[in-house]
Amino acid sequence: MVIRMLEEITIRMDDVWKTYMMGTEEVKALQGVSLDIPRGEFHVIMGPSGSGKTTFLNMVGALDIPTSGEVYFEGVPLSSLNKKQLASLRSYRIGFIFQTFNLVPVITALENVSLPLVFQKYPREERRRRAEEILKRVGLGDRMHHTPDELSGGQQQRVAIARALAGEPSLILADEPTGNLDLKTGFQIVELLRELSQETGVTVINSTHDLKLIDIADRISWLRDGEITRTQKKLDVAINANDVSI
Ligand SMILES: Nc1ncnc2c1ncn2[C@@H]1O[C@H](COP(=O)(O)OP(=O)(O)O)[C@@H](O)[C@H]1O
Ligand SMILES: [Mg+2]
């Protein structure tokens with residue numbers, strides 16, 4: 001039997017910088033971000049458009065590499081992994097949820113959720129069983145055989161949540177998952193994600209510019225011009241609610 005120590009810190013960012021070149025001009029998208037995100041936390045990255053939210057999530061999700069600094073995933077520095085190991089990390093350990101849902105349009109909800117499990121080499125029956133179970137959990141038990149264009153935006157995002165969770169990742173990265181939804185639907189979606197994170201113990205990092213998400217977070221990091229200006233527990237934000245602005 002293999003005994004594995006479960007890391008208490010899912011993500012550690014250590015002085016992460018990311019600079020893009022726009023022609024001859026440097027854009028400093030992240031400027032020295034350091035942050036620890038413990039296992040099971042629902043962490044909200046709050047910042048206006050252009051503040052570096054997507055860049056931040058791309059570094060954490062190993063979709064891009066920092067200009068300097070280090071990201072640790074469960075204690076492992078990402079810079080120590082080769083391409084194949086990074087790909088495997090992305091497909092087995094991390095679930096991604098995007099603003100635009102990113103479902104495959106020509107296949108059903110059930111197939112969209114089971115597709116990533118094919119790459120994880122689950123047997124066919126197990127794939128179907130898992131996908132059905134999680135689709136029921138997100139409230140789509142009666143919509144499994146519909147294609148994305150037959151579903152509302154909120155329902156499509158529920159499929160994306162189910163897809164992200166199906167492989168039992170240790171981390172979910174949600175980049176403005178409410179951005180294309182009306183306020184009420186968006187809030188329901190994030191509440192669902194919050195419930196599922198509590199049920200499964202998965203760590204969630206959710207970016208947004210919507211102050212309503214403060215109520216759902218365990219902690220909030222305020223991002224401005226590529227810098228985290230403050231990281232707070234939800235309760236501390238509530239006390240200072242009048243000061244809150246982004
Ligand atoms: N591939 C890129 N090339 C050049 N600049 C980029 C690139 N990606 C992002 N940026 C710039 O980096 C900054 C942060 O962008 P981004 O992380 O997308 O912010 P957010 O997701 O908060 O809107 C912005 O100024 C943006 O224009
Ligand atoms: Mg973005």
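**Reading a predicted protein model**

Guide: The protein chain of this predicted model contains seven helices and 10 strands. Its radius of gyration is 18 Å, close to the 18 Å that the globule rule gives for 246 residues, so the chain is as compact as a globular protein of that length.

Visitor: What share of the 246 residues counts as buried?

Guide: A residue is called buried when its relative accessible area is under 20%. In this chain, 46% of the 246 residues fall into that class. The accessible surface of the chain comes to about 12,700 Å², and carbon and sulfur atoms account for 51% of that area.

Visitor: How many salt bridges does the structure hold, and how should one be read?

Guide: A salt bridge pairs a side-chain nitrogen of Lys or Arg with a carboxyl oxygen of Asp or Glu, within 4 Å. The structure holds 15 of them. One of these joins Glu-8 to Arg-39, with the closest N and O atoms 2.8 Å apart. This pair links distant parts of the chain, 31 residues apart: Glu-8 is in the segment before strand 1 (9-22), and Arg-39 is in the loop between strand 2 (25-38) and strand 3 (42-46). Arg-39 is partly exposed, at 35% relative accessibility.

Visitor: Is Lys-18, which also takes part in a salt bridge, buried or exposed?

Guide: Lys-18 has 9% relative accessibility and therefore counts as buried. Its side chain meets that of Asp-64 in a salt bridge, at 3.4 Å from N to O. The two residues are 46 apart, with Lys-18 in strand 1 and Asp-64 in the loop between helix 1 (53-60) and strand 4 (68-73). Asp-64 is partly exposed, with a relative accessible area of 26%.

Visitor: Which residues are linked in a network of salt bridges?

Guide: Such a network connects Glu-126, Arg-129, Arg-130, Glu-133 and Glu-168.

Visitor: Which residues form a nonpolar patch on the surface?

Guide: In such a patch, every member has over 30% relative accessible area. Here the patch consists of Val-104, Val-106, Leu-115, Val-118 and Phe-119, which together have about 440 Å² of accessible area. Val-106 is located in the loop between strand 6 (94-98) and helix 3 (109-119).

Visitor: Why does Val-106 count as exposed?

Guide: The class begins over 50% relative accessible area. Val-106 counts as exposed because its relative accessibility is 70%.

Note on methods
Residues numbered from 1 in each chain as written. Chains lettered and ligands numbered in written order. Predicted model: local features only at pLDDT ≥ 70, side-chain atom pairs only at ≥ 80, totals over all residues. Heavy atoms only, no water. Patch = residues over 30% accessible without salt bridge, like charges linked within 9 Å, V, L, I, M, F, W, Y side chains within 5 Å. Areas by Shrake-Rupley, 256 points an atom, 1.4 Å probe, with all protein chains shown as cover. Helix = DSSP H or I, 4+ residues; strand = E, 2+ residues; numbered from the N terminus. Buried < 20%, exposed > 50% of the residue type's maximum accessible area, 1.4 Å probe, protein only. Rg over C-alpha atoms; globule rule 2.2 N^0.38 Å.
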